[in-house]
Amino acid sequence: MSPEHPATPQALRALIEQRRAVRRFTAEPVPDAVIRDCLELAILAPNSCNLQPWSFQVIRDEQLLQRLRSVCMGQQAAKAPLIIVVLARPDCWRDSCEQIIAQWPEPEVPAPIRHFYSKTAPFQYNQGWLGWRGLLKRQLVRVLGWRRALMRTPNSHAQMRLWAVKSTALAAENLMLALQSHGYCSCPLEGFDEVRLRRVLEIPRAAVPVMLLAVGKPGERAVYNPRLRFPLEQRVEWH
Ligand SMILES: Cc1cc2nc3c(=O)[nH]c(=O)nc-3n(C[C@H](O)[C@H](O)[C@H](O)COP(=O)(O)O)c2cc1C
């Protein structure tokens, strides 16, 4: 394996093929060092404008896990020894813009970068109080869009949530594959009561719970069903 090609196609294929939604876990805890390593890989996911619109809550505390099991309506997979709550953060863009300029990894912040994060990005992502800026931008885009191609979203708070969820879902996949590489299995869960989840974990109002990841070593009959995917031809168009 050369540094340019750290993973062979075969190794990546094996890792991706090994990952299954596991619903029965042993009680064996996941070491913090493993969790940290996997989170480090999660946040290397590609993300919109590098604004990193995500956050994670790592739940190992037994009492909290018990409460989350009921939040997940008693789902078998939620009986895992570790649950990682994956949140999209459409509310963090302003802070991220400031951090990128403050933490730029070179002595000088290049002028285009400074301009983008101090002018362009705020214009793009600030939807204003009750979304009034977004409303204006939607009208502007309609007019300017007649003459040239331009970015038409996100121009509302709903579009901001979608914007953040896209990048966050990529981080979640990185996280699952990283866990798999350490020999831990996972199950993504969207079967939870969002209101109760927010209450139990004091999740900020603007954050979007994208999924919970149940994590651990696989137990007996851990995978419920054989793998099933539709034929590629059914879902791929080649042009
Ligand atoms: C966003 C999302 C939400 C999911 N929610 C649940 C869930 O609430 N409960 C569950 O048992 N599995 C859940 N799954 C797992 C899927 O059922 C599973 O990934 C799918 O059946 C394909 O199986 P595989 O992952 O083993 O290939 C979820 C998966 C995703 C991506």
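The protein chain holds nine helices and four strands. The model is predicted. From the N terminus on, its elements follow the order α-α-β-α-β-α-α-α-α-β-α-β-α. The C-alpha trace spans about 60 × 45 × 45 Å along its principal axes. The chain has 239 residues, and 38% of them count as buried.

## Salt bridges

Side chains of opposite charge can pair when their charged atoms come close. How many salt bridges does a search of the whole structure find? The search finds six. The table gives three, with the closest N to O distance.

| Basic residue | Acidic residue | Distance |
|---|---|---|
| Arg13 | Glu17 | 2.6 Å |
| Arg69 | Glu62 | 3.1 Å |
| Arg198 | Glu194 | 3.0 Å |

Start with Arg13 and Glu17. Both residues lie in helix α1, which covers residues 9–18. They are four residues apart, about one turn of the helix. Arg13 has 54% relative accessibility, so Arg13 counts as exposed. Its partner Glu17 is partly exposed, at 43%.

Arg198 and Glu194 share helix α8, residues 194–201. Here too the spacing is four residues, about one turn of the helix. Arg198 is partly exposed, with a relative accessible area of 21%. Glu194 is partly exposed as well, at 37%.

Now take Arg69 and Glu62. Is Arg69 buried or exposed? Its relative accessibility is 15%, and buried means under 20%, so Arg69 counts as buried. Glu62, the residue that meets Arg69 in the salt bridge, is partly exposed with a relative accessible area of 43%.

## Aromatic rings

The count of aromatic pairs comes to three. One of them joins Trp93 and Tyr125. Their ring centres are 6.4 Å apart, and the planes stand at 45 degrees, a tilted pair. This pair links distant parts of the chain. Trp93 sits in helix α4, residues 93–102, and Tyr125 sits in helix α5. The two are 32 residues apart. Trp93 is buried at 7% relative accessibility. Tyr125 is buried too, with a relative accessible area of 2%.

Phe116 and Tyr117 make another pair, with ring centres 4.9 Å apart. Why is this pair called edge-to-face? The planes meet at 85 degrees, and any angle over 60 counts as edge-to-face, so the pair fits that label. Phe116 is partly exposed, at 22% relative accessibility. Tyr117 is buried, with a relative accessible area of 10%.

Which residues form one aromatic cluster? They are Trp93, Tyr125 and Trp163.

## Charges over rings

Two lysines lie over the faces of aromatic rings. Lys137 lies over Phe123, at 5.6 Å from the ring centre. Lys217 lies over Tyr184, at 4.4 Å from the ring centre.

## Cysteines

A disulfide is a covalent bond between the sulfur atoms of two cysteines. How many disulfides does the structure hold? It holds zero. Why does Cys38 form no such bond? The closest cysteine sulfur, in Cys185, is 12 Å from the sulfur of Cys38, which is too far for a bond. Cys38 is buried, with a relative accessible area of 0%. Cys97 is in no disulfide either. Its nearest cysteine sulfur belongs to Cys49 and is 8.2 Å away. A disulfide needs the sulfur atoms within 2.5 Å, so this distance does not qualify. Cys97 is buried, with a relative accessible area of 3%.

## A nonpolar surface patch

Where does the surface carry a nonpolar patch? Trp129, Leu130, Trp132 and Leu136 form one. Together they have about 570 Å² of accessible area. Trp129 lies in the loop between α5 (111–125) and α6 (132–144). Is Trp129 buried or exposed? Its relative accessibility is 69%, and exposed means over 50%, so Trp129 counts as exposed.

Methods
Residues numbered from 1 in each chain as written. Predicted model: local features only at pLDDT ≥ 70, side-chain atom pairs only at ≥ 80, totals over all residues. Heavy atoms only, no water. Patch = residues over 30% accessible without salt bridge, like charges linked within 9 Å, V, L, I, M, F, W, Y side chains within 5 Å. Areas by Shrake-Rupley, 256 points an atom, 1.4 Å probe, with all protein chains shown as cover. Salt bridge = Lys/Arg side-chain N within 4 Å of Asp/Glu carboxyl O. Buried < 20%, exposed > 50% of the residue type's maximum accessible area, 1.4 Å probe, protein only. Phe/Tyr/Trp six-rings, centres within 6.5 Å; stacked < 30°, edge-to-face > 60°. Lys NZ or Arg CZ within 6 Å of the ring centre and 35° of its normal.
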